[in-house]
Amino acid sequence: MLSFLRSDLSRLVSYTPHPGGSSGPGDDAPQVIDRLDTNECPFDLPADLKQKLSWHWQQIIESNRYPDGSHQALKEAIAQYISESAGAPTPWLTTAHLSVSSGSDELIRSLLIATCLGGEGSILVADPTFSMYAITAKTLGIPVVTIGRSEANFAMDVQAAQAAIASTQTPPIRVVFVVHPNSPTANALTAAEIDWLRSLPESILVVIDEAYFEFSGQTLVNDLPQHPNWVILRTFSKAFRLAAHRVGYGIAHPELAATLEKVRLPYNLPSFSLAAAQLAMAHRNLLLQVIPQIVAEREKLYGAIAPHPALRVWKSDANFLFLRLQNPAHTLSEAAAEAALDHIFISLKQQGTLVRKTCGGLRITIGTPEENQRTWERLQKIRLPSIEKDSLN
Ligand SMILES: *Cc1c(COP(=O)(O)O)cnc(C)c1O
């Protein structure tokens, strides 16, 4: 026990990165493993783009020099991409609306530092959702208020959210985090949820995490000029295939963007990551060509799982599916459901498919057509309690 450490950190459970990674499969897992647990794009960069990047590393990047801490060239490319994908003209958008970070995870932390630190505010999240908001808040000693979601479609309990905001708790809620579409449940924000976000006072920051924008095709970017209290987060880790390089960006009112620039570390992005992100922007049309295929594969896997008597799967706006056990009459206890989920998770892993077990369900990333085919075949091989039948008896 090191007594100089903050006592609350000893109780904090950190984010668990997936065990496989590029260092190879663990335990008793077979040699070939389908890594469908972290929502990456299943395809690496094309070989010729990797070659271009290697050339850049060898010929352009000086290892002894600091990277470009202004990210100006990358910001210009990102601004162009945002414009062309916004679905409406964005004459208001400039590079002053952008902040680039080491993964969008860094932006989450910068936002918390810029708003709630030092007892100034709490954050609101609707569970189940991306765990990093609450984890990062706790590392900074920032209180987290949690509300629920509808079982049917995972829309937020807006009434509970409104009540939490109206309460006289201290510190007051300063930031609301939403994901559009949500992880792990894959649903985009509903019109009612968006209306509610629009109704929030300007004293509350609304963080809209669009990590899966390229798969959903839905964005709230065009709302930004009317809402100086909104920020949109994006990442290069998913559709743009750069999870290894850690690049994300935020789109916000210039005053907020400037504050994010102030609180970040001066050289937060290595030169190699900057080069990779610029390459991805320059070749975005090529990289995004696989999105329709991934979306079609998602629909195919959804269609295969939907009739399964023991599994419940939800419609997805992202590149993953969320499943739970069928439990219509609530005959299955929480412990039994958890044990059955464990059984599915372990059986899939033993067969060579790694998925994420989270929030009382399984989140399965859409992979290559071959991987998805194997996911379905392996799921079918698992013997599951037929809950529906039991509940009819
Ligand atoms: C994957 C993901 C991110 C991306 O995080 P990076 O730090 O950019 O890799 C952000 N938000 C959500 C909800 C995600 O699922």
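**Exercise 1. Classify Gln162 by its relative accessibility and describe its surroundings.**

*Solution.* At 37% relative accessibility, Gln162 counts as partly exposed, because this value falls between the 20% limit for buried and the 50% limit for exposed. The structure is a predicted model, and this value is computed from it. The next step is to place the residue: Gln162 belongs to helix 6, which spans residues 158–166. Leaving out residues up to four places away in sequence, Gln162 touches Trp196 and Leu200. Finally, consider Ala276, which is 114 residues from Gln162 in sequence; the two C-alpha atoms are 42 Å apart.

**Exercise 2. Determine which residues have the most contacts inside the largest nonpolar core, and which helix gives this core its largest share.**

*Solution.* The largest nonpolar core has 54 residues, and those with the most contacts inside it are Val176 and Phe236. Helix 10, residues 271–282, supplies the largest share of this core, namely 7 residues. To examine Val176, set aside its neighbours within four places in sequence; its contacts then include Leu124, Ile165, Trp196, Leu197 and Leu200. Ile204, Leu205, Val206 and Val207 are also in contact with Val176. A second core, separate from this one, has 35 residues, among them Ile305, Leu325, Ala337 and Ile382. As a general background, nonpolar side chains in soluble globular proteins tend to be buried together.

**Exercise 3. Compare the span of helix 10 with the expected value, and identify its buried residues and what covers them.**

*Solution.* Helix 10 has 12 residues, and the distance from its first C-alpha to its last is 16 Å. This is close to the 16 Å expected at 1.5 Å a residue. The buried residues of helix 10 are Ser273, Leu274, Ala275, Ala276, Ala277, Leu279, Ala280 and Met281. Their cover includes helix 2 (47–59), helix 3 (72–85) and helix 11 (284–288).

One of the buried residues, Leu274, leads to Pro67, which touches Leu274 as well as Tyr267, Leu269, Pro270 and Ser271, not counting residues up to four places away in sequence. Pro67 is located in the loop between helix 2 and helix 3. With a relative accessibility of 16%, Pro67 counts as buried, since the cut-off is 20%. Pro67 and Pro266 are 199 residues apart along the chain, yet their C-alpha atoms are separated by 9.6 Å.

**Exercise 4. Describe the surroundings of the ligand and its polar contacts with Ser104, Asp209 and Lys238.**

*Solution.* Begin with the residues around the ligand: Gly103, Ser104, Asp105, Phe130, Val179, Asp209, Ala211, Tyr212, Thr235, Ser237, Lys238 and Arg246. Next, take the polar contacts one at a time.

- Ser104: a polar backbone atom lies 2.7 Å from an oxygen atom of the ligand.
- Asp209: an N or O atom in the side chain is 2.6 Å from a nitrogen atom of the ligand.
- Lys238: a polar side-chain atom is 3.2 Å from an oxygen atom of the ligand.

On its own the ligand has 390 Å² of accessible area, of which the protein covers 93%.

Arg246, one of the surrounding residues, has a positive phi of about 60° although it is not a glycine. Arg246 lies in the loop between strand 7 (230–235) and strand 8 (248–252), and at 32% relative accessibility it is partly exposed.

**Exercise 5. Identify the backbone oxygen that the side chain of Ser122 reaches, and examine the peptide bond that precedes Pro171.**

*Solution.* Ser122 is situated in strand 3, residues 122–126. Its relative accessible area is 1%, so it is buried. The side chain of Ser122 reaches the backbone oxygen of Pro171 at 2.7 Å. Beyond four places in sequence, the residues that Ser122 touches include Pro171, Pro172, Ile173, Arg174 and Val175.

Turning to the partner, Pro171 is in the loop between helix 6 and strand 5 (173–179). The peptide bond from Thr170 to Pro171 is cis, with omega near -10°. Another cis peptide bond joins Ser183 and Pro184, with omega about 10°; Pro184 is in the loop between strand 5 and helix 7 (191–199).

**Exercise 6. State whether Ser316 is buried or exposed, and which backbone oxygen its side chain reaches.**

*Solution.* Ser316 occupies the loop between strand 9 (311–313) and strand 10 (320–325). Ser316 is buried, because its relative accessible area is 4%. Its side chain reaches the backbone oxygen of Phe320 at 2.7 Å. Apart from neighbours within four places in sequence, Ser316 is in contact with Ala186, Arg298, Glu299 and Leu321.

Definitions and conventions. Residues are numbered from 1 along each chain as its sequence is written. This is a predicted model: local features need pLDDT of at least 70, side-chain atom pairs count only at pLDDT 80 or more; totals for chains, interfaces and linings use all residues. Side-chain values use heavy atoms; hydrogens and water are left out. A nonpolar core is a set of buried Ala, Val, Leu, Ile, Met, Phe, Trp, Tyr and Cys residues joined through side-chain atoms within 4.5 Å. Buried means under 20% relative accessible area, exposed over 50%, partly exposed in between (1.4 Å probe, protein chains only). Helices (H or I, at least four residues) and strands (E, at least two) are DSSP runs, numbered from the N terminus. Contact means heavy atoms within 4.5 Å. A residue is near a molecule or strand if one of its heavy atoms lies within 4 Å of it. A polar contact is a pair of N or O atoms within 3.5 Å; within protein, one must be able to donate a hydrogen and the other to accept it, and residues adjacent in sequence count only if both atoms are side-chain atoms. Accessible areas come from the Shrake-Rupley method with a 1.4 Å probe; for residues, only the protein chains shown count as cover. The expected span of a helix is 1.5 Å times one less than its number of residues.
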